[in-house]
Amino acid sequence: MITVEIAQDELLSNIESKIPLLILDIRAKDSYMQGHVPGAANAICDSMQQKQIIMSKIPQNMRIILIDDDGTIAKENATMMARFGFDAHYLKDGMKSWNKETVKSAQDTTVSGDTLWSYIKQNEDVFLLDVREPQEYAEFKIPGAVNIPLSRLFMPGSQSEIPKDRKIVTICSHGNRSMVATFALAQSGIEATSLVGGMALWNQVLNATTFKENDITIIQVEKIGKGCLSHIVGSNGEAVVIDPTYPASKYVEFAQKEGLKIAKVIDTHQHADHVSAAKELAQTTGAKLYFSKLEEYKIESEKVEDGNTIPFGTKQLRAIHTPGHTAGSMSYVLDDKYVFSGDILFVEGIGRPDLRDQVEEYATKLYDTLHNKMLKFSDSTKVFPTHHGEGVKPSENGIYYTTVGMAKKIPLLDLDQQGFVSKVVSITTPRPMNYSMIIKINRGVIPISPMQIPDLEMGPNRCSIKM
Ligand SMILES: [Fe+2]
């Protein structure tokens, strides 16, 4: 029989002896923050599955001491961990009988994506510690994050580059490794906060920036992890939403803040990089849903073709058929001053043909769309795309847009048709694996639960191509 119980004097001597030790306080976050054993990390697992994932990330050579309120739940968990081969113990009688020093936590043990985004937006001094493997980090990261893989974090000396006087947020793919990272840091006396849901939920954070000009309101909504852009376009209290992403409920909140009621919802084209929230947003708001007539959907909607108009408030959006990214892509024009271009024209480049097996045919259509439709608007026309690439900065007002005048300077648009097509064919990269699945969902062929969306969408967007 393994002895898992440990008395407080033994715990103190373990701490002083500097043996590899993880002290895990499994009480509720508030109790932990009010006072815990020095060096203890807060460990809360919601499910057996999460417990198993967390355990698989903890080095087996460390002694683990679990602490709860009275020793009952900690005993059960320590016994289970001992059966899995860990040198696991629990503090006898828990915190209720602890009469030695305790420390309070100055920072929360977990942080949501929305809260982390508010820190970043307000330029708060946050050290972002990404504990995924280097190839995961290279693929897709929060700008400014420093990479130290979790496996290295337990090695002596690996924590020297981590500041002790800054707010630290640990990041991984789903919030498990980042939690274990807080355990590793706690034993060195470094407090850290784990990003809940990791990069998967980070991808679901939406940021709204409002732009007002003349008598229109444009709320640009950015899915900050992926650079997807969507727009709530308002006139006289009524709004059209173009290309909404999940979570759909956020659009209602953003529109309400500007005194707008969502009356229409549009997808410019069948998206392949993110799950469209158009259907859900239309259903929950009672708004009319519009899709391109030239694309196949198994979702009931109004069908849009070239020249159709969609009225809202005192304005109307005019549809123009702009094929090339997909065959049925529509762009929407407002007052001949603003164009919502979907994935045809971006701030930094142009849309990629979405069907790689017909890339030449699509590149030819794209050339025609760009030169004979988009660039025919006046140079001052503002173009609002559905994405921006990594590293692209918004304009001074925080909005991502370009103008027709600026778009004319995109190097690919200098080429003649033949040069353009062969260049586009040569630089169009294969689509990520999950694209065909996302297309089927957006077409309405296969259902999806909102819970599955973060994992499906994880990763960078690769919609734009540039020279
Ligand atoms: Fe697209």
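These are my notebook entries on one chain, its iron site and a charged surface patch.

**Entry 1: overall look.** I'm working with a predicted model here. I looked up the chain first: 467 residues, of which 55% count as buried. The secondary structure comes to 16 helices and 25 strands. I also checked the extent of the C-alpha trace, which is about 80 × 45 × 40 Å along its principal axes.

**Entry 2: the iron ion.** Which protein atoms are the donors of the iron ion? I found NE2 of His269, NE2 of His325 and an OD of Asp343, lying 1.9 to 2.2 Å from the metal. Written along the chain, the donor spacing reads H-x55-H-x17-D. The two histidines sit 56 residues apart and link distant parts of the chain. His269 is in the loop between strand 15 (261-266) and helix 11 (278-285), while His325 is in the loop between strand 19 (315-321) and strand 20 (330-334).

**Entry 3: cover on the histidines.** Are these two buried or exposed? His269 has 0% relative accessibility, so I log it as buried. His325 comes out at 1%, so that one goes down as buried too.

**Entry 4: a charged patch.** Next I went to the surface. Glu5, Asp69, Asp70 and Asp93 form a negative patch there. I picked Asp69 for a closer look: its loop runs between strand 4 (63-67) and helix 4 (72-83). Why does Asp69 count as partly exposed? Its relative accessible area is 45%, and partly exposed covers what falls between the buried limit of under 20% and the exposed limit of over 50%.

Terms used: Residues are numbered from 1 along each chain as its sequence is written. This is a predicted model: local features need pLDDT of at least 70, side-chain atom pairs count only at pLDDT 80 or more; totals for chains, interfaces and linings use all residues. Side-chain values use heavy atoms; hydrogens and water are left out. Patches are made of residues with over 30% relative accessible area and no salt bridge: like charges are joined within 9 Å, nonpolar side chains (Val, Leu, Ile, Met, Phe, Trp, Tyr) within 5 Å. Accessible areas come from the Shrake-Rupley method with a 1.4 Å probe; for residues, only the protein chains shown count as cover. A salt bridge is a side-chain nitrogen of Lys or Arg within 4 Å of a carboxyl oxygen of Asp or Glu. Lys and Arg count as positive and Asp and Glu as negative; His and the chain ends are not counted. The place of a charge is taken as NZ of Lys, CZ of Arg, CG of Asp or CD of Glu. Helices (H or I, at least four residues) and strands (E, at least two) are DSSP runs, numbered from the N terminus. Buried means under 20% relative accessible area, exposed over 50%, partly exposed in between (1.4 Å probe, protein chains only). Donors are N, O and S atoms within 2.8 Å of the metal (3.2 Å for Na, K and Ca); water is not among the atoms, so sites may look incomplete.
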